[in-house]
Amino acid sequence: MPHRRLQDAIEAVALLKERGRKVKLLLAGSGDTFPEYFSQLQSLVAQRQLAGEVTFAGKVADQEISDFYSACDAFLFPNENQTWGLAVLEAMACGRPVLVSQGAAIHEILTDGKDALLFPARDPAALAQKIETLVTHPQERATIAAAGLQLIRTEYNWRRFAEKMADVFEQ
């Protein structure tokens, strides 16, 4: 989907490659719904000569999603005009640090440098800097991941959701 702004992630990888940083970007999801956008992303990867750095994984079965989150070093959410962002919470629940665009509403519940790394929407250079922070500071990556997991365990879980819904119904 174009609002996912995956081109910003690809451009960030290109910037990191220019700096000599070795990173891999795994893009999961089907290109069937928006084939023109998917083709644009593939063209951008070819144009930036990133075939070795960017992989299109295709559609991921629901039962495999947690495996994908758990296998990555970090989860990237460059989305813009996204009303929420459940995938961010899912990645955090799998113990992964998250990088989240400030164009996605989910950023409003996160704290930059504490439980997530936040970056301005449509800013591949800022995103590349945040990725580089995670690459060069493994302890910070682990600390952010742990804080994100704690946030999910204490605030954004089904028990808390049920409690908040019960409060609404009582009112």
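**Entry 1: helix 7 charges**

I looked up the pair Glu-163 and Arg-160 in this predicted model. Both residues lie in helix 7, three residues apart, which is about one turn of the helix. Their side chains form a salt bridge, with the closest N and O atoms 3.3 Å apart. I noted Glu-163 as partly exposed, because its relative accessibility is 33%. Arg-160 is likewise listed as partly exposed, with a relative accessible area of 22%. I then followed the shared partners and found that salt bridges join Glu-155, Arg-159, Arg-160 and Glu-163 into one network.

**Entry 2: salt bridges across the sequence**

I searched the whole structure for salt bridges and recorded 10. I then asked which side chains meet Glu-132 in a salt bridge.

Arg-19 is one of them, at 2.8 Å from N to O. Since Glu-132 belongs to helix 5 and Arg-19 to the loop between helix 1 and strand 1, this pair ties together parts that are 113 residues apart in sequence. I have Arg-19 as partly exposed, at 41% relative accessibility. Glu-132 itself counts as buried because its relative accessibility is 13%, and the cut-off for buried is under 20%.

Arg-21 also meets Glu-132 in a salt bridge, at 2.7 Å from N to O. Arg-21 lies in the loop between helix 1 and strand 1 and Glu-132 in helix 5, so this pair ties together parts 111 residues apart in sequence. For Arg-21 I noted a relative accessible area of 32%, which means that the residue is partly exposed.

**Entry 3: Asp-115**

I turned to Asp-115, which sits in the loop between strand 4 (98-101) and strand 5 (117-119). Which side chain of opposite charge is nearest to Asp-115? I found Lys-114, 5.2 Å away. Asp-115 is buried yet has no salt bridge; the cut-off for such a bridge is 4 Å. I did find a polar atom of the Asp-115 side chain 2.7 Å from the backbone nitrogen of Thr-111.

**Entry 4: the loop between helix 2 and strand 2**

I examined two residues of this loop, Leu-50 and Gln-49.

Is Leu-50 buried or exposed? I recorded Leu-50 as buried, because its relative accessible area is 0%. I also compared its position with that of Ile-10: the two residues are 40 apart in sequence, and their C-alpha atoms are 8.2 Å apart in space.

Gln-49, in contrast, counts as exposed, because its relative accessibility is 62%. I noted its backbone as well: phi is positive, about 55 degrees, although Gln-49 is not a glycine. As background, most residues other than glycine have a negative phi.

I found another positive phi, near 60 degrees, at Arg-122, which is a residue other than glycine. Arg-122 lies in the loop between strand 5 and helix 5.

**Entry 5: the largest pocket**

I next looked up the pockets. The largest pocket holds about 1,600 Å³ of space. I counted 49 residues in its lining, with Leu-26, Leu-27, Ala-28, Phe-75 and Leu-76 lying nearest the centre.

I then asked which helices and strands each supply at least two residues to this lining. The helices are helix 1 (6-18), helix 2 (35-47), helix 3 (65-71), helix 4 (86-93) and helix 5 (124-136). The strands are strand 1 (25-28), strand 2 (54-58) and strand 3 (75-77). Helix 3 contributes the most, with five residues. Sorted by class, the lining comprises 33 nonpolar, eight polar and eight charged residues.

**Entry 6: the second largest pocket**

I recorded a volume of about 370 Å³ for the second largest pocket. Its lining has 13 residues, and those nearest the centre are Leu-86, Leu-89, Tyr-156, Asn-157 and Trp-158. Helix 4 and helix 7 (158-170) are the elements that give two or more residues to this lining. I noted the classes here as eight nonpolar, one polar and four charged.

Cross-reference: helix 4 supplies at least two residues to the lining of the largest pocket and gives two or more to that of the second largest. Helix 7, which also contributes to the second lining, is the helix of Glu-163 and Arg-160 from my opening entry.

Key: Residues numbered from 1 in each chain as written. Predicted model: local features only at pLDDT ≥ 70, side-chain atom pairs only at ≥ 80, totals over all residues. Heavy atoms only, no water. 1 Å grid on protein atoms, 1.4 Å probe; cavity = no way out; pocket = protein on both sides within 12 Å on 5 of 7 lines; lining within 4 Å. Points joined across faces, edges and corners; volume = space filled by probe spheres on them. Helix = DSSP H or I, 4+ residues; strand = E, 2+ residues; numbered from the N terminus. Nonpolar A, V, L, I, M, F, W, Y, C, P; charged D, E, K, R; others polar. Buried < 20%, exposed > 50% of the residue type's maximum accessible area, 1.4 Å probe, protein only. Lys, Arg positive; Asp, Glu negative; His and termini not counted. Polar contact = N/O pair within 3.5 Å; in protein donor to acceptor, adjacent residues only side chain to side chain.
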